[in-house]
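Work through the three exercises below with the model open. Try each task before reading its solution.

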Amino acid sequence: MNNKAFTLIELLVVVLIIGILAAVALPQYTKTVERAKASEAQITLKAMVDSLQRFALDNSFGAGEFRRGEDLLDFDISGGAWDTSSSFPVYNTKDFRYGAQCAASGCYAWTARRKCGEDDPADGLYAFYWAINKDAKVSKVCYTNSSSSGINVCEMLKAQGFLSDPGPSGDSGISGC
């Protein structure tokens with residue numbers, strides 16, 4: 001008997017193999033995508049910090065004087081929009097919310113908070129920041145809400161000189177999704 005069709009068992013075995021491969025590959029793919037997004041945010045954040053340092057060398061802030069985010073940056077940034085309703089420079093993209101922390105003496109740090117979605121206020125998975133003190137020393141810290149992707153990203157950033165800080169008693173101010 002010459003039968004050229006697949007049996008039900010053969011089809012089930014193929015579906016099972018595909019399911020096992022997907023179960024193994026999907027978490028790794030998700031982790032890789034998240035690390036790529038964090039790397040992109042880190043590059044943008046580094047460019048913002050460098051721009052802020054150049055701005056601070058060229059200009060001085062008077063008491064209470066404030067500069068718009070667009071004015072602080074000496075490069076074009078794309079992929080998002082400035083939030084003009086904020087009292088500090090805030091730039092929103094699909095995945096991150098970048099913000100400058102400013103005082104009367106000027107802006108001294110940029111933060112990048114990972115959003116849970118496009119409409120999220122950015123108290124999501126993790127955040128990292130670069131702070132510049134009076135001696136032009138840069139501090140880099142990664143905060144997480146203890147989510148697996150947040151921990152993964154902060155672990156990756158440790159190798160690049162970031163400190164990992166869950167905050168006091170594990171409270172990082174990152175609420176999660």
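Helices (H or I, at least four residues) and strands (E, at least two) are DSSP runs, numbered from the N terminus. This is a predicted model: local features need pLDDT of at least 70, side-chain atom pairs count only at pLDDT 80 or more, and totals for chains, interfaces and linings use all residues. Residues are numbered from 1 along each chain as its sequence is written, and side-chain values use heavy atoms, with hydrogens and water left out.

**Exercise 1.** Find the place of Ile 17 and state its exposure.

Solution.
- Step 1: Ile 17 sits in helix H1, residues 8-58.
- Step 2: Its relative accessible area is 45%.
- Step 3: Buried means under 20% relative accessible area, exposed over 50%, partly exposed in between (1.4 Å probe, protein chains only). Ile 17 is therefore partly exposed.

**Exercise 2.** Describe the secondary structure of the chain.

Solution.
- Step 1: Count the elements: three helices and seven strands.
- Step 2: Read along the sequence. The pattern is α-α-β-β-β-β-β-β-α-β.

**Exercise 3.** Which class counts does the lining of the second largest pocket have?

Solution.
- Step 1: Fix the classes. Ala, Val, Leu, Ile, Met, Phe, Trp, Tyr, Cys and Pro count as nonpolar, Asp, Glu, Lys and Arg as charged, and the others, Gly among them, as polar.
- Step 2: Fix the pocket. On a 1 Å grid over the protein atoms alone, a pocket is an open set of points where a 1.4 Å probe fits, with protein on both sides within 12 Å along at least five of seven lines; lining residues have an atom within 4 Å of a point.
- Step 3: Sort the lining: six nonpolar, four polar and five charged residues.
- Step 4: Trace the source. H1 gives the largest share, four residues.
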